[in-house]
Amino acid sequence: MEHHDLPSGLVRLHILHPAEEHPVYGQWMIDELARHGSRISPGTLYPMLATPERDGCLTGETEREGRTSCRFHAITGRGRGGLAVARARPDEPRGKAGAE
């Protein structure tokens with residue numbers, strides 16, 4: 001099993017989880033991840049926000065105030081389904097999960 005995708009997968013889950021409660025935006029996610037001990041640059045995070053939006057797991061809406069803009073992301077039904085699947089997997093019996 002390769003582990004190079006594990007950190008980005010965990011960040012994607014950490015994006016969907018709070019988006020289930022309220023719309024999220026990039027700087028808020030960077031600060032939230034730092035609060036949990038993960039440092040991530042905007043150059044890494046913003047593509048990670050774009051991917052679930054492109055896949056239909058998040059919607060995005062840009063709000064402008066003067067010269068500044070902020071893109072808020074909200075979870076979709078597809079995103080909720082993916083999050084439910086991810087939450088269920090840790091409960092799988094150990095014999096099935098890494099059998100390969």
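**Figure 1. The whole chain, from one end to the other.** From the N terminus on, the elements follow the order α-α-α-β-β-α-α. That gives five helices and two strands in the chain, here shown as a predicted model. Of the 100 residues in the chain, 24% are buried. About 7,300 Å² of the chain is exposed, with carbon and sulfur atoms supplying 51% of that area. Among the contacts with a separation of 6 or more, 38% join residues 24 or more positions apart. The close-ups that follow pick out a few of the places where the chain meets itself.

**Figure 2. The hairpin of β1 and β2.** Let's begin with the strands. Strand β1 covers residues 58–65 and pairs with β2 in the antiparallel sense, over eight bridges. Strand β2 itself takes in residues 68–75. Two residues lie between the strands of this hairpin, and Gly66 has a positive phi near 65°. Beside the turn, Glu65 stands opposite Thr68 of β2. Another pairing to look for is Arg64, whose bridge partner in β2 is Ser69. As a reading aid for this view, side chains in a regular strand alternate between the two faces of the sheet.

**Figure 3. Strand β2 meets helix α3 through a salt bridge.** The structure holds four salt bridges, and this view shows the one between the side chains of Arg71 and Glu53, at 2.5 Å from N to O. Arg71 belongs to strand β2 and Glu53 to helix α3 (residues 42–54), so the salt bridge ties together parts that are 18 residues apart in sequence. How accessible are the two partners? Arg71 has 34% relative accessibility and counts as partly exposed. Glu53 is partly exposed too, at 23%.

**Figure 4. A salt bridge network around Arg80.** Glu20, Arg80 and Arg87 are linked in a network of salt bridges. Within the network, Glu20 and Arg80 form a salt bridge whose closest N and O atoms are 3.8 Å apart. This pair links distant parts of the chain, with Glu20 in the loop between α1 (6–19) and α2 (26–35), and Arg80 in helix α4 (residues 77–88), 60 residues apart. Glu20 is partly exposed, with a relative accessibility of 23%. Arg80 is also partly exposed, at 39%.

**Figure 5. A salt bridge inside helix α2.** Here the partners are Arg35 and Glu32, and their closest N and O atoms lie 3.0 Å apart. Both residues sit in helix α2, three residues apart, which is about one turn of the helix. Is each partner buried or exposed? Arg35 counts as exposed, with 60% relative accessibility, whereas Glu32 is buried, with a relative accessible area of 15%. The cut-offs explain the labels: buried means under 20% relative accessible area and exposed means over 50%.

**Figure 6. Tyr25 and Phe72, an aromatic pair.** The structure has one aromatic pair. The ring centres of Tyr25 and Phe72 are 5.3 Å apart and the ring planes stand at 65°, so the pair is edge-to-face. Tyr25 lies in the loop between α1 and α2, and Phe72 in strand β2, so the rings tie together parts that are 47 residues apart in sequence. Tyr25 counts as partly exposed at 29% relative accessibility. For Phe72 the value is 24%, again partly exposed.

**Figure 7. Cys57 and Cys70.** How many disulfides does a search of the whole structure find? The search finds zero. For orientation, a disulfide is a covalent bond between the sulfur atoms of two cysteines. Two cysteines are picked out in this view. Cys57 has a relative accessible area of 15%, so Cys57 is buried. Cys70 reaches 22% relative accessibility, so Cys70 counts as partly exposed. The line between these labels falls at 20%, because buried means under 20% relative accessible area.

Technical notes:
Residues are numbered from 1 along each chain as its sequence is written. This is a predicted model: local features need pLDDT of at least 70, side-chain atom pairs count only at pLDDT 80 or more; totals for chains, interfaces and linings use all residues. Side-chain values use heavy atoms; hydrogens and water are left out. A disulfide is a pair of cysteine sulfur atoms within 2.5 Å. Buried means under 20% relative accessible area, exposed over 50%, partly exposed in between (1.4 Å probe, protein chains only). Helices (H or I, at least four residues) and strands (E, at least two) are DSSP runs, numbered from the N terminus. Contact means heavy atoms within 4.5 Å. Accessible areas come from the Shrake-Rupley method with a 1.4 Å probe; for residues, only the protein chains shown count as cover. Two strands pair if DSSP finds at least two bridges between them. Rings of Phe, Tyr and Trp (its six-membered ring) pair if their centres lie within 6.5 Å; planes under 30 degrees apart count as stacked, over 60 as edge-to-face and the rest as tilted.
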